[in-house]
Amino acid sequence: MTASCTSSRVISGLLALSAGAGFGLLASSASAGGFYLKEQSAEGVGRAFAGETALASDASTVYFNPAGMTRFSRPVATAGAYALFIDSEQTDQGTTRTAAGPLGSFPAGGNDGGNPFDTLTPTGNFYAVAPIDNDRWWAGIGINTPYGFQSDYDPGFFGRYDSLKSDLMTVNIQPSIAYKLNEIFSVGGGINFQYVDVELTNALPNATPGTPDGLFKVEGDDWSVGWNIGLQAEFERLDLGIQYRSQVEHDLDGNLNISGLTGPLAVQNGTFGATAPLTLPDIASAGAVYHLPDGKTRLMGDVSWFNWADFEQIAISASNGAQFNSPQNYEDTWAVALGGEHDFSERLTLRTGVQFDETPTRDSFRTTRVPDGDRWWLTGGATYDLSETYSVALSYAHIFVSEESLNRTDSFYEGTPAQVNSTLRSRNTGDADILAVGLTATF
């Protein structure tokens, strides 16, 4: 068997691992601030992604900082699979709705919606790096899901006028290149070809309380392009890295369906073409890794800034001229991670980490679609070299999510005699666990 045939079969196997893990499926907002997904490296989960911008321990450096590709003298491929176990609960704090006309407010009624994330949520990714000129140039590719959420509340949920089902899925394909400037500095960058698919549903109140609800459903998708660039520096005991990922601006195109409205509102029932803009945030990160004199222990840190403030609203334009706006008013956020790892033998490395990750949501605009709160990550993991070719990484993370209030008012049929206001008052609690496995092959 030739070396090229062996490499082809190994890469095919790594791709199959990603696909079998639900590659391209959705993850929940419980895993990162807003609906950004941090799970882009199985090994990185174990150190809470501390130092990731300055590291290049496997091929996932394509995503975290493509400048790190210059550290590999041979082709390397990494696949990761992740299982998310999420617990989330909404507690009604007096949710109300109005009726058309001067009849005042009424309790919205309904159940607590159950755990909207009560099924195991898988996701995965794949990366590959190869030197194309051993002295100067490297190329790589990454395929992952950097943003996503999936929630589905039980019928009759008290917050049904805010949300019932929410699905957002992205697939990001990132060809990258890196250049070694000298023995200390390297630069790298990539183009991000990104696909997004969205489906959102919620109940629509009819004019009179007690009348069965209508249903609002919108779905759409889009391809768009972004970019990223990074720099790494390697000193005797200190590695440094910075990276910037651009915004990706999507223009979703799809369909809007309204059903179940009665009386004068029934004229709004139907299926229409729909468009909606979606801007995913730019991200700036900086990291450092310090190598202790023993040559076996590393301390690391990372800080990231997320430009969430441009996500101001969900704005849907229907082909019949109707406009549907849901204010979000996200805020810019920071995430800070610290971690360490130690080589216990030539084959075994253990690691741990902690991270604080801010939520971009605010009380008066927070929604049950993304019932978000500040997060603390506590993580641990290990890498074991099976042979000179293969290594496997196993990691676990527990995420503590702060309790947060939801207190938002949305208006339906605004400016008409049938206007109904819904005020969601709720308390969200939850946490999450992540299991991650990664396989790296060096050729």
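Let's start at a cavity, the second largest one in this predicted model: α3 (61-64), β10 (238-245), β13 (283-291), β14 (297-306) and β17 (333-343) each put at least two residues into its lining. Within that group, β14 has the largest share, with four residues. In total 20 residues line the second largest cavity, and Lys-38, Phe-64, Ser-285, Asp-302 and Ser-304 are the ones that lie nearest its centre. The space inside comes to about 240 Å³. As for the character of the lining of this second largest cavity, it splits into 11 nonpolar, five polar and four charged residues.

Helix α3 is a good place to linger. Thr-61 sits in this helix, and at a relative accessibility of 2% Thr-61 counts as buried, because the cut-off for that label is under 20%. What does Thr-61 touch, once its neighbours within four places in sequence are left aside? The contacts are Leu-55, Ala-56, Pro-66, Gly-68, Met-69, Phe-72 and Gln-232.

Now for the rings. A search of the whole structure turns up 23 aromatic pairs. One of them joins Tyr-63 and Phe-64: the ring centres are 5.3 Å apart and the planes stand at 90 degrees, so this pair is edge-to-face. Both partners are tucked away from the surface by the same cut-off of under 20%: Tyr-63 is buried with a relative accessible area of 3%, and Phe-64 is buried with 11%. Another edge-to-face pair is made by Trp-308 and Tyr-330, with 5.4 Å centre to centre and 65 degrees between the planes. This second pair links distant parts of the chain, as its members are 22 residues apart. Trp-308 belongs to the loop between β14 and β15, while Tyr-330 belongs to the loop between β16 (323-327) and β17. Trp-308 and Tyr-330 are both buried.

Stay with those two residues for a moment and a wider group comes into view. Trp-308 and Tyr-330 are part of one aromatic cluster, together with Phe-35, Tyr-36, Tyr-147, Phe-149, Phe-306 and Phe-311. Some of these names come back in the largest nonpolar core, which has 68 residues. Which members of that core touch the most other members? They are Phe-35, Val-129, Tyr-147, Leu-168 and Trp-308. Apart from this core lies another one, made of six residues, including Ala-50, Leu-55, Met-300 and Ala-337. Leu-55 is already familiar as one of the contacts of Thr-61.

That leaves the empty space elsewhere. Across the whole structure there are five cavities of 30 Å³ or more, and the largest holds about 290 Å³ of space. Which residues lie nearest the centre of the largest cavity? Out of its 25 lining residues, they are Val-198, Leu-200, Leu-252, Leu-278 and Ile-314. Strands supply much to look at here: β8 (185-204), β9 (214-234), β11 (248-259), β12 (270-280) and β15 (313-318) each bring at least two residues to the lining of the largest cavity. Of these, β12 gives the most, with five residues. Sorted by type, the lining of the largest cavity has 16 nonpolar residues, six polar ones and three charged ones.

Methods: Residues are numbered from 1 along each chain as its sequence is written. This is a predicted model: local features need pLDDT of at least 70, side-chain atom pairs count only at pLDDT 80 or more; totals for chains, interfaces and linings use all residues. Side-chain values use heavy atoms; hydrogens and water are left out. A nonpolar core is a set of buried Ala, Val, Leu, Ile, Met, Phe, Trp, Tyr and Cys residues joined through side-chain atoms within 4.5 Å. Buried means under 20% relative accessible area, exposed over 50%, partly exposed in between (1.4 Å probe, protein chains only). On a 1 Å grid over the protein atoms alone, a cavity is a set of points where a 1.4 Å probe fits but cannot get out, and a pocket is an open set with protein on both sides within 12 Å along at least five of seven lines; lining residues have an atom within 4 Å of a point. Grid points are joined across faces, edges and corners, and a volume is the space filled by probe spheres set on the points. Ala, Val, Leu, Ile, Met, Phe, Trp, Tyr, Cys and Pro count as nonpolar, Asp, Glu, Lys and Arg as charged, and the others, Gly among them, as polar. Rings of Phe, Tyr and Trp (its six-membered ring) pair if their centres lie within 6.5 Å; planes under 30 degrees apart count as stacked, over 60 as edge-to-face and the rest as tilted. Contact means heavy atoms within 4.5 Å.
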